[in-house]
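Thanks for coming. I have one structure to go through today, and I will keep to aromatic rings and two helices. Here it is.

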Amino acid sequence: MIEALKQQILSGGADFENIKIGNSWFVEDTWDLTPYMPRKTLSSTHKQIRFGYIGDEQMKQIVKQYAYFRLGQIKPFSVHHEINGVLPVVFEYFKLMGINSFREVTQEVFLEFALWMKDVKQYKRSVGFKRSRILQQIIQTGQIKGWDVPCENIFLHMSAASLWGNRASMNRESSKFKPIPEDIFNTILDCAVNKETDVLTKAGIIIQSQTGLRISEVVSIQEGCIHTTDDGNAYMEIMLGKTERAEPAPHKVFVNQLVCDAVRELSDYTKPLREESGLKELFLTRALRFHNHVVVYKTDLFATYKIAPFIKRWNICGSDGEVYPLKSHQFRATYVRELIKRKLPISYIMKQFGHVSIEMTAHYLTLQETEVKEIYAEIILSPNAKLAGLRASEIQNNLQAYFRGRAETDIDLVISELASAASFNPLPNGICLYDFRRGNCTSGDGCFFYNCPNYITEISFYPVLKKELELMEREMERFRSLGRERDWQRQYVKYQYLKPLVENLEVQIDD
């Protein structure tokens, strides 16, 4: 947020010629916001707001005032995206329909604009919503500020949200990325490691799958990003873009040999491009539309020109026999699922990184609270789940009744609804069904993990439970040989509840 702009209030008689924004003046058709956007990774065009595409001067003045207003609310890059990425299609429609003033926008015009985007442009809901919303925001802001816009409330019975769907539901829809099914994930990784010849594609898929980083973070890695701790563990240094602070924050994450090899191969492959351009990034390419200049590979292009062709090239199909619709962000949810399968709680992973001074930032907390819960829900609430625990039979019977008659395509939606409605807490080897809204859970000897009716586990957690049982048995043998009867009794209390759980799961493994 720009404090200097927030302190200036535009009124009807404002002296626009003497208002400076960044390196430009208000009256200019291009605002250079470089002073407010110091990030070197952004190109000069992304640091500018351009108004030249607006033919009518009166409408251009209103859009400038709206942009100025928004600079006091959101980040400058977001304003650039609104004015130069979202708004142009509004004026494309205005030109097509001969609309020369915001005053001409009525309910009918607003509705026809939405229908045009749906039928002619064939925009999906999230895209159409954003373009309808910015037109609505300009008019509603103008009504408050006294700009030349419609005086009546044309959005009383019709709005961007009502035409395209609730914004919150679209946010949930766009942010909901299911983990990649295990067999498909293994195929993707095998093809990337052993078959793929495009170095950028190979490196991008390997790094994402093995670190859980966003593709935007992956394509930003630079030469020399791999380091080694004093005890010989490799880690990768990146800039984490989505932080609570406005600017990216340095971030370090442990990596395995697959990632090290991929980064090394990528570094060798793009070395000539780095020498030519002076850039330090590893994901480099030549941009034909920028006169063949060397540029950092764009995040939004990676899915279109790298991931989608990779899936088609190696004919990677889903359970329906169709080409698997892989989304880049699915690697993130899959990474968390793999941590869970290895029985390493997220909190433990974070603590482990902290011990070697590796900063694990807040996005893993978000994963623990949302995505991890959904992953656990898929494990426990699946119609084919094999459960163990005091309430296992009850839950399985309820699930079977709930899923009866449901189409296979509805299963994911049903599980998501159950996860949202249920109150459960992920554990290293199952879940706790206790609803903490009822107050604190009983602690101490009155409540033990494996004998608690709120504890439930599933067959995928069998390896860690089996291992824990074996360790417990060895510990009991040691206490017995040392004559430590009291310690043996303490372990036996846990043992008598854990052993039936493990045996129950073993029976289901053979089914």
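Before the first helix, a word on terms: a helix here is a DSSP run of H or I with at least four residues, and helices are numbered from the N terminus. With that in hand, H12 is followed by Gly278, whose phi is positive, near 80 degrees. Keep in mind that this is a predicted model.

Staying with H12, which covers residues 257-277: why do its end C-alpha atoms lie 29 Å apart? The helix has 21 residues, and at 1.5 Å a residue these should span 30 Å, so the two values agree. There is also a kink of about 50 degrees at Thr270, shortly before the proline Pro272. Thr270 is one of the buried residues of this helix; others include Val259, Val263, Leu266 and Leu273. At the N-terminal end, Asn256 acts as the cap, with a side-chain oxygen 3.2 Å from the backbone nitrogen of Leu258.

The second helix is H2, residues 57-71. From first C-alpha to last, its 15 residues reach 21 Å, close to the 21 Å expected at 1.5 Å a residue. Is H2 mostly covered or mostly exposed? Mostly covered: 11 of the 15 residues are buried. Among them are Met59, Ile62, Val63 and Leu71, but also the charged-residue names Lys60, Lys64 and Arg70. At the start of the helix, a side-chain oxygen of Asp56 comes to within 3.0 Å of the backbone nitrogen of Gln58.

Tyr68, another buried residue of H2, takes us to the rings. Ring pairs link Tyr68 with Phe16, Phe26, Trp31 and Phe51 into a cluster.

How many aromatic pairs does a search of the whole structure find? The count is 16. One of these is Phe16 with Phe26, a stacked pair at 4.7 Å centre to centre, with 25 degrees between the planes. This pair links distant parts of the chain, 10 residues apart: Phe16 sits in the loop between helix H1 and strand S1, and Phe26 in the loop between strands S2 and S3. Phe16 and Phe26 are both buried.

Phe94 and Phe102 form an edge-to-face pair, at 6.0 Å between centres and 75 degrees between planes. Both of these residues are buried as well.

Last, two arginines over rings. The charged end of Arg480 sits over the ring of Trp488, 4.2 Å from the centre. Arg131 lies over the face of Tyr123, at 5.6 Å from the ring centre.

That is what I have; questions are welcome.

Conventions: Residues numbered from 1 in each chain as written. Predicted model: local features only at pLDDT ≥ 70, side-chain atom pairs only at ≥ 80, totals over all residues. Heavy atoms only, no water. Phe/Tyr/Trp six-rings, centres within 6.5 Å; stacked < 30°, edge-to-face > 60°. Helix = DSSP H or I, 4+ residues; strand = E, 2+ residues; numbered from the N terminus. Buried < 20%, exposed > 50% of the residue type's maximum accessible area, 1.4 Å probe, protein only. Lys NZ or Arg CZ within 6 Å of the ring centre and 35° of its normal. Expected span 1.5 Å × (residues − 1). Bend = angle between axes of the 7 residues up to and from the residue. Polar contact = N/O pair within 3.5 Å; in protein donor to acceptor, adjacent residues only side chain to side chain.
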